[in-house]
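The following paragraphs lead through one structure, moving from its aromatic rings to its helices and then to its surface. Please keep the sequence and the model in view while reading.

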Amino acid sequence: MKKMKQILAFTGVILIVGLVFLTLYFAFTGNRFFMASLFCMFMIPLMLYVYMFVYRMVHKDSESEEDKKRY
């Protein structure tokens, strides 16, 4: 499970960095997709953060019980 999380985190970083460079490219070339790329550059990480926050809040009790069983 830990290896899978690392792979997904690395893939996410690559995608976000790629989106930043794509936004810069669209800005310098005056492409019509600049605003859509700028929107995605802010909204995708924000939505991922909100998803992780809500997941932690919903599963807070079950994780603490599992931790107690382990130790």
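**Rings, helices and surface**

The structure, which is a predicted model, holds 4 aromatic pairs. One of them joins Phe-26 and Phe-33, whose ring centres lie 6.2 Å apart and whose planes make an angle of 50 degrees, so that the pair is classed as tilted, between the stacked limit of under 30 degrees and the edge-to-face limit of over 60. A pair of aromatic rings is described by both the distance of the centres and the angle of the planes. Ring pairs also bring in Tyr-25, so that Tyr-25, Phe-26 and Phe-33 are linked into a cluster. The two partners of the tilted pair differ in their cover: Phe-26 counts as buried because its relative accessibility is 13%, which is under the 20% cut-off, whereas Phe-33, at 41%, counts as partly exposed.

With the rings located, the chain as a whole can be considered. The protein chain has 3 helices and 0 strands, and when it is read along the sequence it follows the pattern α-α-α. Of the 71 residues in the protein chain, buried residues make up 7%. The chain exposes about 6700 Å², and carbon and sulfur atoms supply 72% of that area.

Helix α1 covers residues 2-29. This helix has 28 residues and reaches 41 Å from its first C-alpha to its last, which is close to the 40 Å expected at 1.5 Å a residue. Just after α1, Gly-30 takes a positive phi of about 70 degrees.

Which residues of α1 are buried, and against what do they pack? The buried residues of α1 are Leu-19, Thr-23 and Phe-26, and they pack against α2. An α-helix has 3.6 residues a turn, so residues three or four places apart point the same way. Thr-23 itself counts as buried because its relative accessibility is 5%. Leaving aside its neighbours within four places in sequence, Thr-23 is in contact with Phe-34, Ser-37, Leu-38 and Met-41.

Other residues of the same helix have another degree of cover. Leu-22 lies in helix α1 and, at 38% relative accessibility, counts as partly exposed. Leu-24 is also placed in helix α1, and it too counts as partly exposed, with a relative accessibility of 41%.

The view from the other helix can be taken at Ser-37, which is in helix α2, residues 34-58. Is Ser-37 buried or exposed? Ser-37 is buried, because its relative accessible area is 5%. Once neighbours within four places in sequence are set aside, Ser-37 is in contact with Leu-19, Leu-22, Thr-23 and Phe-26. The contact between Thr-23 and Ser-37 thus appears from both ends, in the list for Thr-23 and in the list for Ser-37.

Two C-alpha separations relate positions set apart along the chain. Leu-24 and Ser-37 are 13 residues apart in sequence, and their C-alpha atoms are 9.2 Å apart in space. Leu-22 and Leu-38 are 16 residues apart along the chain, with a separation of 9.2 Å between their C-alpha atoms.

Finally, helix α2 also contains Leu-46, which is partly exposed, with a relative accessible area of 43%. Where does Leu-46 take part in a nonpolar surface patch, and which residues make the patch with it? The patch, of about 1000 Å², is made by Leu-46, Tyr-49, Val-50, Tyr-51, Met-52, Phe-53, Val-54, Tyr-55, Met-57 and Val-58. Leu-46 can belong to such a patch because its 43% relative accessible area is over the 30% that a patch residue needs.

Methods. Residues numbered from 1 in each chain as written. Predicted model: local features only at pLDDT ≥ 70, side-chain atom pairs only at ≥ 80, totals over all residues. Heavy atoms only, no water. Helix = DSSP H or I, 4+ residues; strand = E, 2+ residues; numbered from the N terminus. Buried < 20%, exposed > 50% of the residue type's maximum accessible area, 1.4 Å probe, protein only. Contact = heavy atoms within 4.5 Å. Patch = residues over 30% accessible without salt bridge, like charges linked within 9 Å, V, L, I, M, F, W, Y side chains within 5 Å. Areas by Shrake-Rupley, 256 points an atom, 1.4 Å probe, with all protein chains shown as cover. Salt bridge = Lys/Arg side-chain N within 4 Å of Asp/Glu carboxyl O. Phe/Tyr/Trp six-rings, centres within 6.5 Å; stacked < 30°, edge-to-face > 60°. Expected span 1.5 Å × (residues − 1).
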